[in-house]
Amino acid sequence: MRRAKAVSALRRRLFLLYGLLSDRHSPLARKGLTEVDLEERLVDLDLRNDSDVSDVPPPTDSTPEILKRALSGLSARWKNWWIRGILTLAMISGFFLIIYLGSFMLMLLVLSIQVKCYHEIITIGYRVYHSYDLPWFRSLSWYFLLCVNYFFYGETVADYFATFVQRREQLQFLIRYHRFISFALYLAGFCMFVLSLVKKHYRLQFYMFAWTHVTLLITVTQSHLVIQNLFEGMIWFLVPISSVICNDITAYIFGFFFGRTPLIKLSPKKTWEGFIGGFFSTVIFGFIFSYFLAQHQYFVCPVEYNSETNRFVTECEPSELFQMKKYSVPPLLQAVLGWETVNMYPFQMHSIALSTFASLIGPFGGFFASGFKRAFKIKDFADTIPGHGGIMDRFDCQYLMATFVHVYITSFIRGPNPSKLLKQLLILQPEQQLSVYKILKSHLVEKGILQPSLRV
């Protein structure tokens, strides 16, 4: 079938080329275009046609031999079921181990996933558009990744590790001029890209320039938001991520056993039964999982860096979100449950919103990824995880979820942070700190909180 399509496309090209060359009165002939010019224009036209996108080599089967032998007697459907199930349990176990190791290891995990996702998407563009001959393409792609990470993580260091930076003069210089340095680094890459432009590859080079920047937007900025959520408290990191994982697993299970009605053409294997079953399962899971996490300071306290011990700490007095409260049960549910009141953590109500997004809107990140893969005729982003595909195949919904959680926290949860404000005040010069003190004192006196007789 592919050979027939290729022959048909070749015939169309030859027919068009013959017509353009044979017609002396055509606009192209009057302009004196040569056969080489016409061929270049035909190549440009080919780039606009989805059907002419070259196939990416299919990923190799990375399933361990021991699993292949153990499951050799099963059908392809059940073999895929067992491979996905075993690898899912292995990944979840590894995830729990990293949680046990602490916040810093979770940050390294997020950074590793970001780099791998970036590599998978860039590699697809490299293969699809045959960018083998483009000068500096791969080097510039990784250079831009380093520049963007330097910018975002530098902002995080300046925001959360102010006291640590204050003690080291060399870091003070980097933080003070951080944005200028970041811009200068990016500008160097931009100039290198312009200098690398070569004739007959202009359009392809700009395609790949745009491809690189969109990939940076998807991977780096979203992973940065994941880390921002983690600093608000590990529970804001674990509940959203676990909800997406739960929805993915339960939707697959319900669809595998009960799926009959197709959900969306982009993903033929997705069914309404799986979508609905995944929704209710995820909301229930998020509500129960939040109850257990809200009981422990390790999960609910903001992640802060202790400069005295040089480690991350999660110790605090839990906020009202994580203190048990009594709620009245709506009259309609009182008859069903037999309860007039119920004790629960306020965060559990927020978990319903997070779980609902993870199960209703989160899957659209997967649908988007499916459309992307169909556009470029690939089954998976890579073959990193047997039965699952690439890392990006597992985290396509997580990036959308991370953005929602960050917006949710800034819109409905986060208030003024005295601790963070104090860290910023400590960076100021003594005369600046004294000026702030006088202004604050004058304000408190006007409100009647302090007596005017107090002196500095």
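User: In this predicted model, what does it take for a residue to count as exposed, and which class does R179 fall into?
Analyst: Exposed means over 50% relative accessible area, whereas buried means under 20%. R179 has a relative accessible area of 57%. Because that value is over the 50% cut-off, the class of R179 is exposed.

User: Which residue meets the side chain of R179 in a salt bridge, and where does that residue lie?
Analyst: R179 belongs to helix α10, residues 178–196. The side chain of R179 forms a salt bridge, at 3.0 Å from N to O, with that of E155. The two are 24 residues apart, and the pair links distant parts of the chain. The partner is therefore E155, with a relative accessible area of 24%, and E155 lies in helix α7.

User: How many residues apart in sequence are the parts that D248 and R394 tie together?
Analyst: The side chains of D248 and R394 meet in a salt bridge with an N to O distance of 2.5 Å. D248 lies in helix α12 (residues 234–258) and R394 in helix α18 (residues 391–413), so the parts tied together are separated in sequence by 146 residues.

User: Is D380 buried or exposed?
Analyst: D380 forms a salt bridge with K379 at 3.5 Å, N to O. K379 is exposed, at 64% relative accessible area. D380 has 18% relative accessibility, and because the cut-off for burial is under 20%, D380 counts as buried.

User: How many salt bridges does the structure hold?
Analyst: The pairs described above include E155 with R179 and D248 with R394. The number for the structure is five.

Notes. Residues numbered from 1 in each chain as written. Predicted model: local features only at pLDDT ≥ 70, side-chain atom pairs only at ≥ 80, totals over all residues. Heavy atoms only, no water. Salt bridge = Lys/Arg side-chain N within 4 Å of Asp/Glu carboxyl O. Helix = DSSP H or I, 4+ residues; strand = E, 2+ residues; numbered from the N terminus. Buried < 20%, exposed > 50% of the residue type's maximum accessible area, 1.4 Å probe, protein only.
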